[in-house]
Amino acid sequence: MLAVDFYIGEDALKADRARILRRTWQFVGPRSALTQAGDYLADVIGGAPVVVVRNAEGGLAAFHNVCRHRAGALVPDGEGNCGGQFTCRYHGWKYTLDGRLRSAVDFGQAPGFDPRQYGLFPIRVETWRGMVFVNLDLAAPPLAEFMAPLDKRWAADLPEYALTEKRTHLIGCNWKTYVENYLEGYHLNMVHPEFDQDIVVADYKVEIEGEVIFHSAPARDGSVNAGLWAWMWPNLAINAYRHGYMVERMTAVGPNTTRLDYFYFFDPARTAELADMFVVSDRVTKQDKDVCEEVCRNLEAGVYRGGVLSPKHEAGIAWFQAKVAEAHGAPEPSRMAAAS
């Protein structure tokens with residue numbers, strides 16, 4: 001088991017951001033939001049404000065959303081259009097959409113100041129099936145390499161739909177606690193008993209391929225959740241259904257606060273069917289919220305110091321915990337903590 005200290009406190013969160021969340025591909029939003037020059041998506045990735053923009057040449061560029069003068073923001077979080085340039089919201093410094101400093105507005109004469117040395121800090125940006133991803137590690141392997149296991153299983157006839165709806169939930173637990181809950185079906189009978197009406201819970205299966213963990217279970221007649229369920233290291237799930245797909249991003253907001261963002265990409269002619277999915281989704285999220293918050297409380301209480309992972313149900317958690325330990329330079333954790 002991974003040591004409890006990995007789940008508690010600001011130091012653990014800072015380490016996760018530096019060693020995991022800022023070194024991996026992170027979903028930002030739909031490419032359909034970036035159609036015109038100056039269109040942007042701005043968000044916070046691993047605690048770092050970032051912005052992706054459609055540049056004048058029609059490509060995508062991404063930068064830290066940080067002015068080089070005194071760290072003002074270039075654009076507010078969310079989406080919009082910044083025109084033909086970025087303008088710092090603090091002192092008005094202007095940057096081209098490819099990150100070059102265009103004008104240090106009314107700065108005055110400063111011996112040795114070379115605007116060419118004060119361009120925006122770049123980050124990696126790539127797309128996959130209409131979805132925009134960024135990586136703060138400029139030396140990271142290509143996104144396509146990371147997504148290859150899912151790409152092989154993705155239905156060839158499933159189009160790139162525009163974003164239909166976005167829903168957000170806050171959960172009072174460490175992000176790793178929520179991820180671990182997502183990575184196993186062991187809890188379904190206890191926490192989500194209604195699932196067995198939709199899928200055959202007894203035949204729930206988890207498979208690990210590359211850095212993707214696939215979940216599957218036989219669907220019952222009229223199943224709402226039937227489809228392809230995939231989780232990607234370290235904090236993203238993509239679930240493909242008959243008439244669209246849902247992206248679930250698990251963001252570490254604080255040491256014991258996780259934000260779930262659900263992005264629904266659906267066939268415009270079938271969006272009425274989302275109503276049934278939302279009913280199920282809201283119920284399942286509430287059930288997971290309650291149990292993950294209880295786990296978080298108990299981890300912080302200091303009594304629990306480690307348990308044991310089920311070889312039948314929790315191989316995905318063991319893989320995840322080994323990846324976390326590796327990122328932190330810690331030994332691979334045993335699946336069983338020493339009894340005391």
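Where is the place of His-328? Keep that in mind as you look around; the tour comes back to it at the last stop.

**The whole chain**

Start with everything shown as a cartoon. You are looking at a predicted model. The protein chain holds six helices and 17 strands. Its radius of gyration is 22 Å, close to the 20 Å that the globule rule gives for 340 residues, so the chain is as compact as a globular protein of that length. Turn the model slowly: along its principal axes, the C-alpha trace spans about 70 × 55 × 30 Å.

Now switch on the surface. The protein chain exposes about 16000 Å², and carbon and sulfur atoms supply 50% of that area. Buried residues make up 51% of the 340 residues. If you colour by charge, there are 35 positive and 43 negative charges to find, and their mean positions are 5 Å apart. Among contacts with a separation of 6 or more, 58% are between residues 24 or more positions apart.

**Stop 1: Asn-65 and Gly-72**

Hide the surface and select Asn-65, in the loop between β4 (60-64) and β5 (78-81). Asn-65 has a relative accessible area of 4%. Is Asn-65 buried or exposed? Since buried means under 20%, Asn-65 is buried.

Show its side chain as sticks. A polar atom there lies 2.8 Å from the backbone nitrogen of Leu-74. Beyond its close neighbours in sequence (those within four places), Asn-65 is in contact with several residues, including Ala-42, Pro-49, Val-50, Gly-72 and Asp-77.

Pick Gly-72 next, which is also in the loop between β4 and β5. Gly-72 counts as buried, at 8% relative accessibility. With neighbours within four places left aside, the contacts of Gly-72 are Asn-65, Val-66, Cys-67, Cys-88 and Tyr-90. For a sense of distance, add Phe-146: the C-alpha atoms of Gly-72 and Phe-146 are separated by 33 Å, with their positions 74 residues apart along the chain.

**Stop 2: helix α3**

Select residues 175-182, which form helix α3. How many of the eight residues of α3 are buried? Eight of the eight are, so this helix is largely enclosed by the rest of the structure. Click along α3 to meet these buried residues, among them Trp-175, Lys-176, Tyr-178, Glu-180 and Tyr-182.

Now add Asn-174. Asn-174 caps the N-terminal end of α3, with a side-chain oxygen 2.9 Å from the backbone nitrogen of Lys-176.

**Stop 3: Gln-321 in helix α6**

Move to helix α6 (residues 315-327) and select Gln-321. Gln-321 is buried, with a relative accessible area of 1%. Which residues is Gln-321 in contact with, leaving aside its neighbours within four places? They are Met-1, Leu-2, Tyr-7, Glu-180, Leu-309 and Pro-333. You have met Glu-180 before, as one of the buried residues of α3.

Try another distance here. From C-alpha to C-alpha, Gln-321 and Gly-130 are 30 Å apart in space, and 191 residues apart in sequence.

**Stop 4: back to His-328**

Here is the answer to the opening question: His-328 is in the segment after α6. His-328 counts as buried, at 15% relative accessibility.

Show the side chains of His-328 and Arg-19 together. The two side chains make a polar contact, at 3.3 Å. Not counting residues up to four places away in sequence, His-328 touches Phe-6, Ala-15, Asp-16, Arg-19 and Ile-20. Select that group with His-328 to finish your tour.

Technical notes: Residues numbered from 1 in each chain as written. Predicted model: local features only at pLDDT ≥ 70, side-chain atom pairs only at ≥ 80, totals over all residues. Heavy atoms only, no water. Helix = DSSP H or I, 4+ residues; strand = E, 2+ residues; numbered from the N terminus. Rg over C-alpha atoms; globule rule 2.2 N^0.38 Å. Buried < 20%, exposed > 50% of the residue type's maximum accessible area, 1.4 Å probe, protein only. Contact = heavy atoms within 4.5 Å. Areas by Shrake-Rupley, 256 points an atom, 1.4 Å probe, with all protein chains shown as cover. Lys, Arg positive; Asp, Glu negative; His and termini not counted. Charge placed at Lys NZ, Arg CZ, Asp CG, Glu CD. Polar contact = N/O pair within 3.5 Å; in protein donor to acceptor, adjacent residues only side chain to side chain.
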